[in-house]
Amino acid sequence: MRRRLAPYALILPGGLWLAIFFVVPMVVMLSFSLMQGDVVNGFRLTWHWQNYSDGLSTYADQLIRSLVYGLLATAACIVLAYPVAYWIAFRGGARKTTYLFLILLPFFVSFVLRTFSWKFLLADDGIVLSPLKDVGLLPQDFHVIATGFAVVAGLTYNYLPFMVLPIYVALERVDPKMIEAAQDLYASPAQAFARVVFPLSLPGVFAGVLMTFVPVSADYVNSTVLGGTNNTMIGNIIQNLYLVNTDYPQAAALSFTLMAILLIGIFLYAKALGTEDVLEVATR
Amino acid sequence: MTATVVEDGSRTARRARGRWSDRLLYAYTWLIIIWLCLPIAVMIAFGFNDAKGRLNLTWQGFTFKWYGQLFSVPDLTTALVNSLTIALIATVGSAVLGTLIGLALGRYRFRGQGSLNLVQFAAISAPETVMGASLLSFFVQLNIGRGYWTIVIAHIMFSLSFVAVTVRSRVLTLDPAIDEAARDLGATGWTAFRLVTLPMIFPAVLAGALLAFALSIDDFIITSFNSGSTLTFPLWIWGAQKNGLPPQVNVMGTLIFVAGVLLAVGNAVLARRRR
């Protein structure tokens, strides 16, 4: 009897914490998304589904921009991260851990501080652009900050290590004998890569996409710092509605819309990839 | 005869091509590493900049003075102290709660395991904006004022699953017979845990705790939703940047960076020696 209860005793405190401060808040937010009212007069649950349609029509631009930026940054992460992960996994030798550590170095500096550091580096009259402008290599009105490119670049920068790690883990598991076998069967190096190594690394790419696409699409730090006023994402809107306008119902509806779109996207992607059990891959 | 010659020729060619592409990949990897570290280098360098007051934008010459005046911006110091103490409390909290869950998941099969895994997976992968927003909705609904302790609650919430996952994977590699042997030799459950299980899972607990600390001290998005008027280090930077970031921010960032790197390297060296 005691043994049967033991696991429940162990998970009780942490499980309760997650239930109270993660699951219940989601339910509360769901109910908020169907409410009407304001801070002064209070909010009442009126099953106001219009919050969703209003949100979709009012903030369609930002929603679409978030997904486009999310896709672009995720794609850029895959393209940039794959060769690095490949090189570390197959050619890193005894220094593999050192290289991985170097890739992870940015995590020892606050995310916000790193993003401001880029703003500083790429400022219109900053240490990179102003010498180039003085020499005449760039026109005087050239700017990087406050463009969509700067936002996508910032997002790619901030989430690249999250893509390198899982791809590395997947490639590291590939048995070199499999590649030798492919080459013994007259596969060229390119064919061996395309038919053997790349398919085996797909679970890693999948995990990487999961770890980058979701946070990148919901991010508002990069778009605020690097994007100026014309490149706001849905995260900016949610944050503003919550903390400035205190329009909780609208903000809650937008949060759920965003989460639903991201979940659907992830599942479609998993299906397209032929990954049967998303959870299994992700939690492995 | 000719066949072997041809094959040898193509093999050499392949090896040469391999070396060439290897070199390219090697250079590329370093290029990415430099790109990743560039903003850190700039942050560290401008902590030594002899800037006038808060306008730390162009290089004015080398100085150590900001290290001496590290705590001369009072509210920045408060924010840093908040960040450190919150991270410490959140680390201890999530290490304890997460380790218990990790033990249960690694050692037992029980009803509800699937749902627990699902909730943990959701807590790890849900967008921060949504998690922060939902927790704020919860506090608003219950009329709980936001501040220091709501930040602590949020940080324990989002980091305990990371500890649980780390500890669980370690527990799965342990032989349950060792624990049973301890009990056969008369150890009570608690003694067996303290003297046998805990030392074996301790590296994973420590790794999870370090991760929790890093997540907590760095968190901006969830904290910004639930902070009320309490400021942490990232929140202070966010609020102050319109008027320019004082060099003290660079110095604090540098010190946190150096401490983090030393801790991680120390932990890795210890782990290697233990092995």
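Helix axes here are lines fitted to C-alpha atoms, over the stretch in contact, and angles run from 0 to 180 degrees between N-to-C directions. Helices (H or I, at least four residues) and strands (E, at least two) are DSSP runs, numbered from the N terminus.

This is a predicted model: local features need pLDDT of at least 70, side-chain atom pairs count only at pLDDT 80 or more, and totals for chains, interfaces and linings use all residues. Residues are numbered from 1 along each chain as its sequence is written, and chains are lettered from A and ligands numbered from 1 in the order in which they are written.

**Stop 1: helices 7 and 9 of chain A**

Select residues 148–172 of chain A for helix 7 and residues 189–218 for helix 9. Their axes come within 7 Å and cross at roughly 155°. Helix 7 of chain A is therefore roughly antiparallel to helix 9 of chain A (angles over 145 degrees count as such, under 35 as roughly parallel, 65 to 115 as roughly perpendicular, the rest as oblique). The crossing is right-handed (the near helix is turned clockwise from the far one by less than a right angle).

Now show side chains. From helix 7 of chain A, the residues that meet helix 9 include Tyr159(A), Phe162(A) and Met163(A). Across from them, helix 9 contributes Gly204(A), Gly208(A) and Met211(A), among others. Contact means C-beta atoms, placed from the backbone, within 7 Å. The residues of this contact divide into 16 nonpolar, 4 polar and no charged. Ala, Val, Leu, Ile, Met, Phe, Trp, Tyr, Cys and Pro count as nonpolar, Asp, Glu, Lys and Arg as charged, and the others, Gly among them, as polar.

**Stop 2: Tyr59(A)**

Go to the loop between helix 2 (50–58) and helix 3 (60–91) of chain A; Tyr59(A) lies there. Buried or exposed? Tyr59(A) counts as buried because it has 22 C-beta neighbours inside 10 Å (20 or more is buried, 12 or fewer exposed, in between partly exposed). Leaving aside neighbours within four places in sequence, Tyr59(A) is in contact with Ile234(A), Ile237(A) and Leu254(A). Add Met233(A): it is 174 residues from Tyr59(A) in sequence, yet 9.3 Å away in space, C-alpha to C-alpha.

**Stop 3: all of chain A**

Zoom out. Chain A has 13 helices and 2 strands. Of its 284 residues, 42% count as buried.

**Stop 4: the A–B interface**

Bring in chain B. Its 59 contacting residues touch 64 residues of chain A. Helix 1 (residues 2–45) of chain B supplies the largest share of chain B's side, 13 residues. That side divides into 45 nonpolar, 11 polar and 3 charged residues.

How values were computed
Two residues are in contact if their C-beta atoms, placed from the backbone, lie within 7 Å.
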